[in-house]
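Please open the model in your viewer and keep the selection panel at hand. We will go from stop to stop, choosing something to select and looking at what is there.

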Amino acid sequence: MKQIAKLALMALLAVTAGPSQGQTPEAKADLALLETRAAGDPLMGQVWVQLRSETSARSGQSVLRIVETLSGIRQTRDGALPLSYRLQGQVQAAAIRAQTVAEILRSDLNGDWQVSREELVASLSHANRGGGGEAATAFLLGDADQNSLLTTEEIKASAEAMLPVLSGRRGMDVGARLFDLDDDGILTQSEYDRVIAALQR
Ligand SMILES: [Ca+2]
Ligand SMILES: [Ca+2]
């Protein structure tokens, strides 16, 4: 009977064990790695602080749910992992760049791949033109020599300058970047599982 009582007591202690009890050395090392990654980047730092505060004193499925919510990564969704988040970000940026240049070139009325102020004004005043915000902004940002002509080089430079503004969704991949423990641009299932394990109590 004494033996049974002892086993029951041990089981009880295991259930009510304090923080980090039972964390493997690997999970502890991954936790330290995540801390280091978060400390090196303000955006990742913000996500990390929130993750830590919400997952502390949690375990099992609730940690998984919190991680999914805060990172926006649903590993249970088919094909979600591995996630080539770096490539995905480059594809999105390229799409925005292409759209911006196209919008600016809609004011290139004589087709010389440059936009003069006269062309901008004439095209924007045309009843069917519509939009034009990008072209006008490009002129403000991009006419570096202020000669009222946006050259092809200036069009490229202004599209690049407008990219951070137009891609306000850039923060989307912060969770994936933080969890990409080997920093190769791809978040794998194994990395995701290691993060979950590191956050478990
Ligand atoms: Ca110019
Ligand atoms: Ca990786």
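The tour below begins with the overall layout and then visits the ion sites, the cores and a helix pair.

**Start with the cartoon**

Keep in mind that this is a predicted model. Colour the protein by secondary structure, and you should find 10 helices and two strands. Followed from the N terminus, the order is α-α-α-α-α-β-α-α-β-α-α-α. The protein has 201 residues, and buried ones make up 35% of them. Among contacts that link residues at least 6 apart in sequence, 63% are between residues at least 24 apart.

**Select the calcium ion (ligand 1)**

Which residues hold this calcium ion (ligand 1)? Show Asp143 (OD), Asp145 (OD), Asn147 (OD1), Leu149 (O) and Glu154, which appears with two OE entries; together they coordinate the calcium ion (ligand 1) at 2.1 to 2.6 Å. Along the sequence, the spacing of these donor residues reads D-x1-D-x1-N-x1-L-x4-E. The six donor atoms make angles of 52 to 161°, and the site is irregular. Now colour by accessibility: Asp143 is buried at 9% relative accessible area, whereas Asp145, at 48%, is partly exposed.

**Move to the calcium ion (ligand 2)**

Here the coordinating atoms come from Asp180 (OD), Asp182 (OD), Asp184 (OD), Ile186 (O) and Glu191, again with two OE entries. They lie at 2.2 to 2.5 Å from the calcium ion (ligand 2). The pattern in sequence is D-x1-D-x1-D-x1-I-x4-E. Why is the arrangement around the calcium ion (ligand 2) irregular? It is irregular because its six donor atoms subtend angles of 52 to 158°. For comparison, ideal angles for six octahedral donors are 90 or 180 degrees. Check two of the donor residues as well: Ile186 is partly exposed at 31% relative accessibility, while Glu191 is buried at 4%.

**Select the nonpolar cores**

The largest nonpolar core contains 26 residues, and Leu51, Leu178, Phe179 and Tyr192 have the most contacts inside it. To see where its residues come from, highlight helix H2 (25-39), helix H3 (42-55), helix H4 (60-71), helix H9 (174-179) and helix H10 (189-199), each of which supplies at least two. H10 is the biggest contributor, giving five residues.

Next, centre the view on Leu178. Leaving aside residues up to four places away in sequence, Leu178 touches Leu34, Arg37, Ala38, Met44, Val47, Trp48 and Leu51. Then look for a second, separate core: this one has nine residues, including Val115, Ala135, Phe139 and Ile155.

**Select H2 and H10 together**

How are these two helices, H2 and H10, packed? Their axes are 8 Å apart and cross at an angle of about 100°, so H2 is roughly perpendicular to H10. To view the contact, show side chains on both helices: Ala27, Asp30, Leu31, Leu33 and Leu34 of H2 meet Arg194, Val195, Ala197 and Ala198 of H10.

**Finish at Leu163**

Select Leu163, which you will find in helix H8 (residues 152-166). Is Leu163 buried or exposed? With a relative accessible area of 3%, Leu163 is buried. Add Ile96 to the selection and draw a line between the two C-alpha atoms: Leu163 and Ile96 are 7.0 Å apart in space, though 67 residues separate them in sequence.

Note on methods. Residues numbered from 1 in each chain as written. Chains lettered and ligands numbered in written order. Predicted model: local features only at pLDDT ≥ 70, side-chain atom pairs only at ≥ 80, totals over all residues. Heavy atoms only, no water. Donors = N, O, S within 2.8 Å, 3.2 Å for Na, K, Ca; no water. Tetrahedral: all angles 85-135°; square planar, octahedral: opposite > 155°, others 65-115°. Buried < 20%, exposed > 50% of the residue type's maximum accessible area, 1.4 Å probe, protein only. Core = buried A, V, L, I, M, F, W, Y, C linked by side-chain atoms within 4.5 Å. Helix = DSSP H or I, 4+ residues; strand = E, 2+ residues; numbered from the N terminus. Contact = heavy atoms within 4.5 Å. Axes fitted to C-alpha atoms, helices over the stretch in contact; angles between N-to-C directions. Parallel < 35°, antiparallel > 145°, perpendicular 65-115°, else oblique.
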